[in-house]
Amino acid sequence: MKTGFAGALNVYRTMAHHPALLRAWAPLRQHIVKDSALGPVRSELVILRAAHRMGSAYEWSHHVSRARALGISDARIRSMAGTPDGEEGVLAGAVDALFDGARLPSHLEQAIAASIGRQAVFDLMATVGFYSVLGFILMTFDTPIDQDVVDEMAEHPI
């Protein structure tokens with residue numbers, strides 16, 4: 001794992017204190033990050049909203065960087081910390097519902113399923129759960145934001 005996804009980031013240096021958990025984490029991470037029915041853009045928007053709701057500076061800044069790399073504008077990124085419109089509003093509402101009520105209300109579940117499919121509903125919930133657990137770990141152990149992301153945020157603040 002050190003030569004793969006877990007080699008460079010502080011989050012995995014933190015998680016390396018529990019190697020068995022990090023090994024178990026890898027397959028779910030693969031699905032959430034790479035193979036989600038949400039697709040890469042929607043997935044990043046969901047992660048940004050979850051990071052905002054958690055108050056996780058590490059996740060927020062790292063996923064601002066990832067969202068930018070996908071071509072998501074700073075305005076769209078900023079909207080995920082506010083009150084976005086359109087599809088972003090539906091996604092943000094779904095994340096908020098999971099944080100606030102631990103479930104998706106039927107109108108949101110049906111809207112997401114009709115728009116992007118039933119599997120995307122499951123993947124949205126799994127993404128929020130995955131990044132919530134990750135936020136708990138990062139914030140509990142005060143994991144520092146990686147220097148390249150610190151530099152990017154200083155050079156191009158959101």
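**Entry 1: Tyr131 and the aromatic rings**

I started at Tyr131, which is buried, with a relative accessible area of 5%. I kept in mind that this is a predicted model. The ring of Tyr131 pairs with that of Phe130 in an edge-to-face arrangement, with 5.1 Å between the centres and 70° between the planes. Phe130 is buried too, at a relative accessible area of 4%.

How many aromatic pairs does the structure hold? My search gave 2. Besides the pair above, I found Trp25 with Phe130, a tilted pair at 4.4 Å centre to centre and 35° between the planes. Trp25 sits in helix H2 (residues 19-35) and Phe130 in helix H8 (residues 118-140), so this pair ties together parts that lie 105 residues apart in sequence. I checked burial here as well: Trp25 and Phe130 are both buried. Taken together, Trp25, Phe130 and Tyr131 make one aromatic cluster.

I also asked myself why the 35° pair is called tilted. Planes under 30 degrees apart would count as stacked and those over 60 as edge-to-face, so an angle between these limits is tilted.

**Entry 2: H3 against H8**

Tyr131 turned up again when I looked at helix packing, as one of the H8 residues in contact with H3. The axes of H3 and H8 come within 9 Å and cross at roughly 40°. That angle makes H3 oblique to H8. The crossing is right-handed.

Which residues make the contact? From H3, I noted Val46, Ile47 and Met54. From H8, I noted Leu124, Thr127, Val128, Tyr131, Ser132, Gly135, Phe136 and Met139.

**Entry 3: Salt bridges**

Next I went through the charged side chains, and a search of the whole structure gave 9 salt bridges. I looked up some of these one by one.

Glu44 bridges to Arg66, with the closest N and O atoms 3.2 Å apart. This pair links distant parts of the chain, as Glu44 belongs to helix H3 (residues 39-54) and Arg66 to helix H4 (residues 57-69), 22 residues apart. Are the two partners buried or exposed? Glu44 is buried, with a relative accessible area of 3%, whereas Arg66 is partly exposed at 35%.

Asp96 bridges to Arg49, and here the closest N and O atoms are 2.6 Å apart. Again the link spans distant parts of the chain: Asp96 is in helix H6 (residues 86-101) and Arg49 in helix H3, 47 residues apart. I found both Asp96 and Arg49 buried.

The third one I opened was Arg68 with Asp74, which meet at 2.8 Å, N to O. Arg68 counts as buried at 18% relative accessibility, while Asp74, at 24%, counts as partly exposed. The two get different labels because the limit for buried is under 20%.

I then followed the shared partners. Arg49, Arg53, Asp96 and Asp100 are joined into one network by salt bridges that share partners.

**Entry 4: Pro84**

Arg49 came up once more among the neighbours of Pro84. Where does Pro84 sit? I placed Pro84 in the loop between helix H5 (74-79) and H6. Pro84 is buried, with a relative accessible area of 12%. Leaving aside residues up to four places away in sequence, Pro84 touches Arg49, Ser79, Gly89 and Ala92.

**Entry 5: Two positive phi values**

My last look was at the backbone. Most residues other than glycine have a negative phi, so I made a note of the exceptions below.

Ala102 has a positive phi of about 60°, although it is not a glycine. Ala102 lies in the loop between H6 and helix H7 (106-116). Ala102 is exposed, with a relative accessible area of 68%.

Asp142 also has a positive phi, near 45°, and is likewise a residue other than glycine. I found Asp142 in the loop between H8 and helix H9 (147-155). Is Asp142 buried or exposed? At 63% relative accessibility, Asp142 counts as exposed.

Key: Residues numbered from 1 in each chain as written. Predicted model: local features only at pLDDT ≥ 70, side-chain atom pairs only at ≥ 80, totals over all residues. Heavy atoms only, no water. Salt bridge = Lys/Arg side-chain N within 4 Å of Asp/Glu carboxyl O. Helix = DSSP H or I, 4+ residues; strand = E, 2+ residues; numbered from the N terminus. Buried < 20%, exposed > 50% of the residue type's maximum accessible area, 1.4 Å probe, protein only. Phe/Tyr/Trp six-rings, centres within 6.5 Å; stacked < 30°, edge-to-face > 60°. Axes fitted to C-alpha atoms, helices over the stretch in contact; angles between N-to-C directions. Parallel < 35°, antiparallel > 145°, perpendicular 65-115°, else oblique. Left-handed = near helix turned anticlockwise from the far one by under 90°. Contact = heavy atoms within 4.5 Å.
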